[in-house]
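I am opening a fresh page of my notebook for a structure that is new to me. I will write down what I looked up, one place at a time.

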Amino acid sequence: MLRLRARGCLSRGHVRLVGECLGVSERTVWRWLAQAQAGPGTALAPGARQGDRFEVTADIRVLLAYWRGNASAVHRQLAARARQTTGQPATLLPGGAPADAVPVLDPLPSLSTFLRAVRRDLTAGERAGFAQGPEAARAHDVFARRPRLWRNHTWESDHVQAPLLVDADGDLVRPWVTWFIDTATKTITGTAVTPGYPSRASILAALRAAVLRTDPYGPAGGVPEHVRVDRGKDFLSRTVLGALGALGTRVEDLPAYSPHLKGTVENLNRCADRMLFAALPGYTLTPTPRRSGKKPGADTAPPLSFEEFTTEVLGWARWWNTEHRPASLGGATPIEAWNADPTPPSDVPESALWALMLEDDGRVRKLTSHGVRWRGRDYIGAWMAGEAGRSVRIRHMPHHDHEIEVCDPAGRHLGTAHLADAATPEQLDALRRARTARARRLRADARKAEAQRRQRYAPATTPTAPQRLGAVTAAEADGELDAAARTSLAALALPDLIPPAPPPADWSTPAPLRPPVQRSRRGKEK
């Protein structure tokens with residue numbers, strides 16, 4: 001080819017054909033020919049690298065961490081450092097690493113070579129980690145898949161907040177869903193929906209629905225051997241751990257920020273968001289298009305009530321178990337995979353499960369003529385007639401203070417007791433409105449105080465000291481200071497109005513606090 005080129009007989013067609021045979025571009029072939037003409041020794045190994053190639057070192061990685069993965073900014077700082085070393089004028093770059101941490105590269109690679117080295121020597125996860133943090137780097141990691149075991153061997157549990165608003169007794173709230181899922185068969189065993197933030201009561205309700213296999217629950221369920229949870233304090237509460245321990249279930253507390261370790265329930269959360277929540281009215285993650293001539297939300301469907309939302313969630317969980325066919329199950333539905341598993345489930349009678357799902361008060365109390373007293377309130381039930389003076393224990397569902405369950409000291413259930421002198425629904429509505437109005441006033445006062453406290457400064461176009469804005473007259477300043485002094489308890493206090501009495505003589509007091517000793521003319525103490 002060199003001879004053909006020397007004679008002027010080499011055409012682009014020849015070069016293109018050679019490039020296709022070697023798997024390189026036409027431009028690469030022309031570059032090889034130019035290198036062979038300049039140095040005949042390179043014709044034996046066309047495309048071989050001449051000299052050492054630039055590689056990303058540990059110092060370059062530190063600079064990438066300083067600049068949050070911005071390789072072009074790192075190259076600019078390296079170039080400025082090189083010019084500063086040779087005595088040339090260099091513009092100082094804002095931010096980045098200090099000058100003593102910037103290495104001097106000789107020769108300095110070009111920007112394209114530097115970017116190519118960064119893409120070659122750093123993985124996609126490292127580049128994402130420098131730019132966006134460890135969470136972005138974890139998205140490029142590879143995780144092994146756990147082997148599929150038998151049903152009820154391992155469950156996973158989690159809370160997920162629905163990104164929509166529902167009507168809960170007149171208030172618009174974002175509900176939470178708590179569920180348990182079997183990792184072997186992908187079956188949702190138990191579900192509980194909470195209008196507000198979930199608590200250990202939500203976990204206990206979902207656990208009870210997951211363990212029971214009678215109507216309206218089941219047929220999937222039973223006692224799991226192992227449950228994976230995150231580090232939520234409600235999952236690790238004494239009540240939840242005690243209930244799972246009484247069932248003989250081992251709890252695995254996963255490390256923080258490790259959703260990949262409970263991927264089954266995390267995938268369930270994502271599927272619920274895309275398959276269920278996104279199709280319901282009031283979904284907040286979809287931008288609403290603005291239509292000219294109409295008020296925003298004029299033709300938007302009203303939010304669901306809490307009862308309707310709970311019906312939708314339970315219906316979707318039923319659909320997931322009976323009709324959805326995950327790819328990991330080979331075309332079977334979760335309930336089909338559950339029924340095909342020969343492992344016998346371990347059931348717990350509902351009467352025994354009832355006691356496990358309640359918190360024990362831990363004290364033995366007496367029934368009086370006013371019922372049983374708990375947390376400063378009296379609870380009474382019709383079954384208490386003729387039982388005054390009996391020793392009892394109290395069990396209750398967390399945060400359910402409207403009723404309690406009363407047992408004898410041995411744990412046998414006696415009956416349910418309801419709060420005596422409970423407020424009427426009208427009183428509760430009036431109290432709720434009064435609390436809402438008070439909270440609104442407090443928020444308004446806080447906003448007003450924040451507006452008064454906010455300091456404004458004049459904009460600057462040159463490096464100058466900050467200039468405060470907001471003129472106040474001397475009379476206004478004196479009036480506000482007087483008002484603050486009249487309301488400040490520390491300013492109104494008079495600690496020296498009544499001087500403290502001297503300490504007794506037998507007290508061990510520091511020397512500065514000891515009363516002076518009176519001496520006679522002869523030097524003796526009186």
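**Entry one: Thr322**

I began with Thr322, which I found in helix H12, the helix that covers residues 306–322. Before going further I noted that this is a predicted model. Is Thr322 buried or exposed, or does it fall in between? I read a relative accessible area of 41% for Thr322, and because buried means under 20% and exposed over 50%, Thr322 is listed as partly exposed.

I then asked which residues Thr322 is in contact with, once its neighbours within four places in sequence are left aside. The answer was Thr333 and Ile335. The side chain of Thr322 also reaches back to the backbone oxygen of Arg318, at 2.7 Å. Looking further along the chain, I noted that Thr187 is 135 residues away from Thr322 in sequence, while the C-alpha atoms of the two are separated by 9.1 Å.

**Entry two: the cavity**

Next I looked for enclosed space, and the count came to 1 cavity of 30 Å³ or more. For the largest cavity I wrote down a volume of about 30 Å³. Which residues line the largest cavity? I listed Phe180, Ile203, Val227, Val229, Phe235, Val240 and Leu244. Two elements give two or more residues to this lining, namely strand S6 (226–229) and helix H10 (238–246). When I sorted the lining by class, I had 7 nonpolar residues, with no polar and no charged ones.

**Entry three: helix H10**

Since H10 had come up in the lining of the largest cavity, I stayed with this helix and asked which of its residues are buried. They are Thr239, Val240, Ala243 and Leu244. Looking down the axis of H10, I saw that these buried residues fall within an arc of 125 degrees, so they line one face of the helix. Val240 and Leu244 therefore appear in my notes twice, as buried residues of H10 and as part of the cavity lining.

I also looked up what covers the buried residues of H10, and the list includes H9, strand S7 (250–253), helix H14 (350–356) and strand S9 (359–366). Just after H10 comes Gly248, which takes a positive phi of about 80 degrees.

**Entry four: backbone details**

I turned from there to the backbone angles of residues other than glycine. Asn152 has a phi near 65 degrees, which is a positive value in a residue that is not a glycine. This residue lies in the loop between helix H8 (134–138) and strand S1 (155–161), and at a relative accessible area of 4% Asn152 is buried. Lys186 is not a glycine, although its phi is positive too, at about 60 degrees. I located Lys186 in the loop between strand S4 (176–182) and strand S5 (188–194).

Where is there a cis peptide bond? I found one joining Asp215 and Pro216, with omega at about 5 degrees. Pro216 lies in the loop between helix H9 (200–211) and S6.

**Entry five: Thr509**

My last stop was Thr509, in the segment after helix H17 (489–492). Its relative accessibility is 17%, and Thr509 therefore counts as buried. Leaving aside its neighbours within four places in sequence, I noted contacts of Thr509 with Pro503 and Arg514.

Notes: Residues are numbered from 1 along each chain as its sequence is written. This is a predicted model: local features need pLDDT of at least 70, side-chain atom pairs count only at pLDDT 80 or more; totals for chains, interfaces and linings use all residues. Side-chain values use heavy atoms; hydrogens and water are left out. On a 1 Å grid over the protein atoms alone, a cavity is a set of points where a 1.4 Å probe fits but cannot get out, and a pocket is an open set with protein on both sides within 12 Å along at least five of seven lines; lining residues have an atom within 4 Å of a point. Grid points are joined across faces, edges and corners, and a volume is the space filled by probe spheres set on the points. Ala, Val, Leu, Ile, Met, Phe, Trp, Tyr, Cys and Pro count as nonpolar, Asp, Glu, Lys and Arg as charged, and the others, Gly among them, as polar. Buried means under 20% relative accessible area, exposed over 50%, partly exposed in between (1.4 Å probe, protein chains only). Contact means heavy atoms within 4.5 Å. A polar contact is a pair of N or O atoms within 3.5 Å; within protein, one must be able to donate a hydrogen and the other to accept it, and residues adjacent in sequence count only if both atoms are side-chain atoms. The arc is that of the directions from the helix axis to the C-beta atoms.
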